[in-house]
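User: Could you take me through one part of this model in detail? I'd like a close look at a sheet and whatever packs on it.

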Amino acid sequence: MTSEPHPPPPAELTETVYAYAVLLQNEAAERAARELRGVDGLPVRILHGTHTAAAVSDVPAHTFTEEVLAQRLDDLTDLERLARAHHQVIAALASHTALLPLRLATVYLDDNSLLRRLHNDDSHFRTTLNHLKGHDEWGVKIYADPPAATPPPADRPRSGREYLRARRASRDGHDLAHQAAADLGAQVDRTLTEENWATDVRHHRPQPATLSAAPGENIVNAAYLIPRQHTRTFQDRVTALAADTAGIRVEITGPWAPYSFAPPPPEQTERTDPATVRTTP
Amino acid sequence: MTDALTRRPTALSPQPGSAGNLADILERVLDKGVVIAGDIKINLLDIELLTIKLRLLIVSVDTAREMGIDWWEHDPTLSSRAARPAPPPDLARTEELAAENARLRAELHSLNARLKEPDDL
């Protein structure tokens, strides 16, 4: 590092606050945050509110303006970098404390602005964080992966009837695999919730084949909120159910921070409400 | 379902979220996560459009190749390696066929005519 003077700060804001998550404060999370690097390789710190805290990075204001952000999110390479950095901070902290992940690119003008948000929705954040404590999110994706029809002899033209029969067999296999995947999804839901291995469940849109590295068609894309002590049982149950089903493939992902179980505050408070401003020392 | 099918192995190794594939990460950081309004406005419509676009696009050509997606290599407008369009029709051959056609038609006509002649007698 050279000791060249930095350009003089413009009169307006030079730094804004990029927020990753709202969390229950504790020592371990605090320590972990000090080791982390967030978006654009910037350090991460914990901003303390009254009962909850937020993980944030101070970012140069000009790299996170509305226009620049729109461009950055539109550039797939930059988007991937941002998304991974955002996610890694959340994942690292989630192993130390209960947290609510914020959506990518949640930026505040300064600490006080974010503290006001924490204050305004304090009871919502505390209730949700206490509910999520000791849980991980796990993903279960079920793919229809119909067994390939008997490969046609490539060197010999088939009769029309043979062709139609093969077509029908392949279509039936396809339908069966679809149905099997959907049925398995319902069965996993039932098993996990009825036996109390999962606290909650969300169903996401199936991922299109172009975005998923896996073969087969994604039919079920579910997220489960699993108490940490049930991690093993959850995996065993899903594996056992999957093993009994033909024509499908199951993928378990996780542990994730509870992205799918972080509900927004009941009602968004107005952007600025000076009456409720209470600065924290 | 046959027993052999039931025994098909199912790959079930859990992947740590931190090393998760990009689709899983984007799905969570863009679509999910508690939404408290930031001061810098991100147009939610833009995010929606973005995710739609992401659902259609592939992050990079290399990633796509790794996934075995290579449709552009078969699209003639995108790749020189794609199948060439059919060669232009051979004009001489076309004329030859047209001539042959005309000749056969004429022959058929005269045969038909000859078949009818006996009745006229």
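Analyst: Let's go straight to the open sheet of chain A: four strands, in the order β2-β3-β1-β4, with antiparallel pairing. Strands here are DSSP runs of E with at least two residues, helices are runs of H or I with at least four, and both are numbered from the N terminus; two strands pair if DSSP finds at least two bridges between them. This is a predicted model, so local features need pLDDT of at least 70 and side-chain atom pairs count only at pLDDT 80 or more, while totals for chains, interfaces and linings use all residues. Residues are numbered from 1 along each chain as its sequence is written, chains are lettered from A and ligands numbered from 1 in the order in which they are written, and side-chain values use heavy atoms, leaving out hydrogens and water.

At the edges of the sheet you'll find β2 (45–48) and β4 (99–108) of chain A; each has a single partner strand, so one side of each has no neighbour in the sheet. On average, neighbouring strands are turned by 30 degrees against each other, ignoring direction. Axes are lines fitted to C-alpha atoms, for helices over the stretch in contact, and angles run from 0 to 180 degrees between N-to-C directions.

Now for the partner of β4(A): β1 (residues 15–24) of chain A runs antiparallel to it, and six bridges join the two. V22(A), for instance, has L100(A) in β4(A) as its bridge partner.

Packed on this sheet is helix α3 (residues 76–94) of chain A, which touches β1, β3 (52–60) and β4 of chain A. Contact means heavy atoms within 4.5 Å. The direction of α3 makes about 145 degrees with that of β4(A).
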